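Trainee: I should like to learn how to read a protein model feature by feature. May we begin with the overall fold and then turn to the details?

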Amino acid sequence: MLTKMVAAFAACLLAAPALADALIDNVNGVTLDKQGRVVRFTGLTLSADGKVTALLGREDRRPARADWRVDLKGRVLLPGMIDAHGHVMELGFQALTLDLSDTTSLADAQARIRDYAGRYPDRRWILGFGWNQEKWQLGRFPTAAELDAAVGDRPVWLARADGHASWGNTLALRTAGVTARSVTPAGGRIERGAGGVPSGVFVDAAQALVQHVVPAPLPKDRDAAFLQAQQILLRYGVTAIADMGTSVDDWLSYRRMGDRGALRIRVMSYGLGVDTALQVGGAGPTPWLYADRLRMGGVKLYADGALGSRGAWLKRPYTDMPTQSGAGFMTDDQMQNRMSRAAMDGWQVAVHAIGDRANAQVLDAIDVLAETYKGDRRWRIEHAQIVDPVDLPRFGRNGVIASMQPVHQTSDRTMAEARLGEARLAGAYAWASMLKNGSRLAFGSDAPVERPDPWAGWAAAFTREDADGQPFGGWRPEERVSREQAWWAYTGGAAYAGFAEERFGLLAVGQRADFIVVDRDPLLASPSDLRQTQVLETWVGGEKMWEKGR
């Protein structure tokens, strides 16, 4: 099966000519320059190694003897989109397992789970992803008993949409040996019922109590998941992605794909913790491999959990659950030590921080470490969703990159209001404030938590409205950014965040020719029309990797 999939990806080159000096002509081309200014062009030339050699205006002379040329018949051509924060393997596995992301109620999810188990009677475990009790308007977490009502004869283990909680049935808990006497690990929470009996949901670090008995994917399963994820990303026009939390097994899959010529997208990899990065890179970041398609250059750490599962670490208790303030995954000293250990070997540090206390912890550590680790470090805070306004200026102090996901704001706004109350929303999803305070923005999707759809994210970033145009005028509209600033965060800004700005991210001379052909001009489209953008072709390094309908 996997051999067939790799062969299919080889066919996905879609008969593009062998790389040579080339002309892509008759385009309505639009890109940004390094200052974020709009540049329009009607053609571009490529070198034999897939780099841009010139952007051509209408009056510019075309090369007389290009080895091959393509006439795009006036269609819109843009630089490939970059997802600054995603989870590649999880995206692929979601496509290959039970997906509950579009379920609208507990009953809907139970029916979907029951049907899936019936279609796969030979699977020892039923695994899936995507449930969200907030979308179900349940007002609480689901229980093991409710999962038993759908499937009781096999263990079931289902990750929440954000990946920061999982839901198991009674047989899954029994297989893992979880009982009322099970101890809650640091940085986690076990939801419990009467008598302290685990009720079925495990938050953050507590997920490991069950996860350790879940059958691990085989290498061939990982390869299949990667190929699925890659196809999804190419379909959305995403030519590069920062993979946040690459495991050693994930890295080996990327290398297998690269060795076989099946690695089509660019992966900026951030190892899952310091130990993973050291296992992969040894003394420091790896070189760029496979013509700039793969590099592990950073380390991903976690300061807290997610807002939806009340695992985000807050300075004050949750408004809708006053007994909880979330959980920090490390003490302040541990966080500083882990970041220092990564930085001393030249790894870029990216830390997941959602709650205001977690963001303050990471900023405190950066303030200390910046005194020792000089030079271009590009410290990253991933998500930076809820920030105390007093801490916002600190993002600009040491050139901290705010790696944020615009669609989280439109998905989470009502939940954020309930979790935090009005008084704590001033620093929530504060994109414009980040820029005003001297931080740099990089935008992504957090796929598969959200769809890896840069068009929806782009529209959300400059409107603060969801797909239905709600709330009219935008939620906390003072935090909107301009259309061009949002585009930069999905292209040049995302490349800069991964130390890749000299290699790709813009259509500029010397950069890799990563571009997409779309059905409309995104700078002229209304927000609703922008969300409907259709990608017609996706090219990476001057080769066509995907075409709509092929």
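Trainee: Among contacts in the protein between residues at least 6 apart in sequence, what percentage join residues at least 24 apart?

Mentor: Please keep in mind that this is a predicted model. A contact is a pair of residues with heavy atoms within 4.5 Å of each other. In this protein, 73% of the contacts between residues at least 6 apart in sequence join residues at least 24 apart.

Trainee: How many helices and strands does the secondary structure of the protein come to?

Mentor: There are 18 helices and 22 strands. The C-alpha trace spans about 80 × 55 × 50 Å along its principal axes.

Trainee: What radius of gyration does the protein have, and what would a compact globule have?

Mentor: The idea is to set the value for the model beside the value expected from chain length. A compact globule of 550 residues would have a radius of gyration near 24 Å, and the protein has 23 Å, so the two agree.

Trainee: What percentage of the residues count as buried?

Mentor: A residue is called buried when its relative accessible area is under 20%. By that cut-off, 59% of the 550 residues are buried.

Trainee: Could we apply this to a single residue? Is T246 buried or exposed?

Mentor: T246, which lies in strand β13 (residues 238-246), has a relative accessibility of 0% and therefore counts as buried. Leaving aside residues up to four places away in sequence, T246 touches W251, Y254, S269, Y270, G271, L272, T276 and M296.

Trainee: How far apart are T246 and L530 in sequence and in space?

Mentor: Two separate distances must be read here. T246 and L530 are 284 residues apart in sequence, while their C-alpha atoms are 32 Å apart in space.

Trainee: Let us turn to charged side chains. How many salt bridges does the count come to?

Mentor: A salt bridge pairs a side-chain nitrogen of Lys or Arg with a carboxyl oxygen of Asp or Glu within 4 Å. The count comes to 40 salt bridges. One of them joins the side chains of D25 and R62, at 3.0 Å from N to O. This pair links distant parts of the chain: D25 is in strand β1 (residues 22-32), R62 is in the loop between β3 (52-56) and β4 (68-71), and the two are 37 residues apart. D25 has a relative accessible area of 18%, so D25 is buried.

Trainee: Which residue forms a salt bridge with R160, and how far apart are the closest N and O atoms?

Mentor: The partner of R160 is D162, and the closest N and O atoms are 2.7 Å apart. R160 counts as buried because its relative accessibility is 3%. D162 is buried as well, with a relative accessible area of 15%.

Trainee: Which residues are joined into one network by salt bridges that share partners?

Mentor: It helps to start from one pair. The side chains of D367 and R394 meet in a salt bridge of 2.9 Å, N to O. D367 belongs to helix α11 (residues 356-369) and R394 to helix α12 (residues 394-397), 27 residues apart. R394 is buried, at 11% relative accessible area. Through shared partners, K315, D364, D367, D388, D391, R394 and R397 form one network.

Trainee: How many cavities of 30 Å³ or more are there?

Mentor: A cavity is a space where the probe fits but cannot get out, whereas a pocket is open. The count comes to two cavities of 30 Å³ or more. The largest holds about 60 Å³ of space, and its lining divides into six nonpolar, two polar and four charged residues. Among the lining residues are I82, D83, R451 and Y490.

Trainee: Which strands each supply at least two residues of the lining of the second largest cavity?

Mentor: They are β14 (266-272) and β15 (294-302). The second largest cavity holds about 40 Å³, and four nonpolar, five polar and one charged residue make up its lining.

Trainee: Which elements give two or more residues to the lining of the second largest pocket?

Mentor: The second largest pocket contains about 160 Å³ of space, and its lining includes L272, D275, K300 and R338. The elements that give two or more residues to this lining are α9 (273-281) and β15. The lining comprises six nonpolar, one polar and three charged residues.

Terms used
Residues numbered from 1 in each chain as written. Predicted model: local features only at pLDDT ≥ 70, side-chain atom pairs only at ≥ 80, totals over all residues. Heavy atoms only, no water. Helix = DSSP H or I, 4+ residues; strand = E, 2+ residues; numbered from the N terminus. Buried < 20%, exposed > 50% of the residue type's maximum accessible area, 1.4 Å probe, protein only. 1 Å grid on protein atoms, 1.4 Å probe; cavity = no way out; pocket = protein on both sides within 12 Å on 5 of 7 lines; lining within 4 Å. Points joined across faces, edges and corners; volume = space filled by probe spheres on them. Nonpolar A, V, L, I, M, F, W, Y, C, P; charged D, E, K, R; others polar. Rg over C-alpha atoms; globule rule 2.2 N^0.38 Å.
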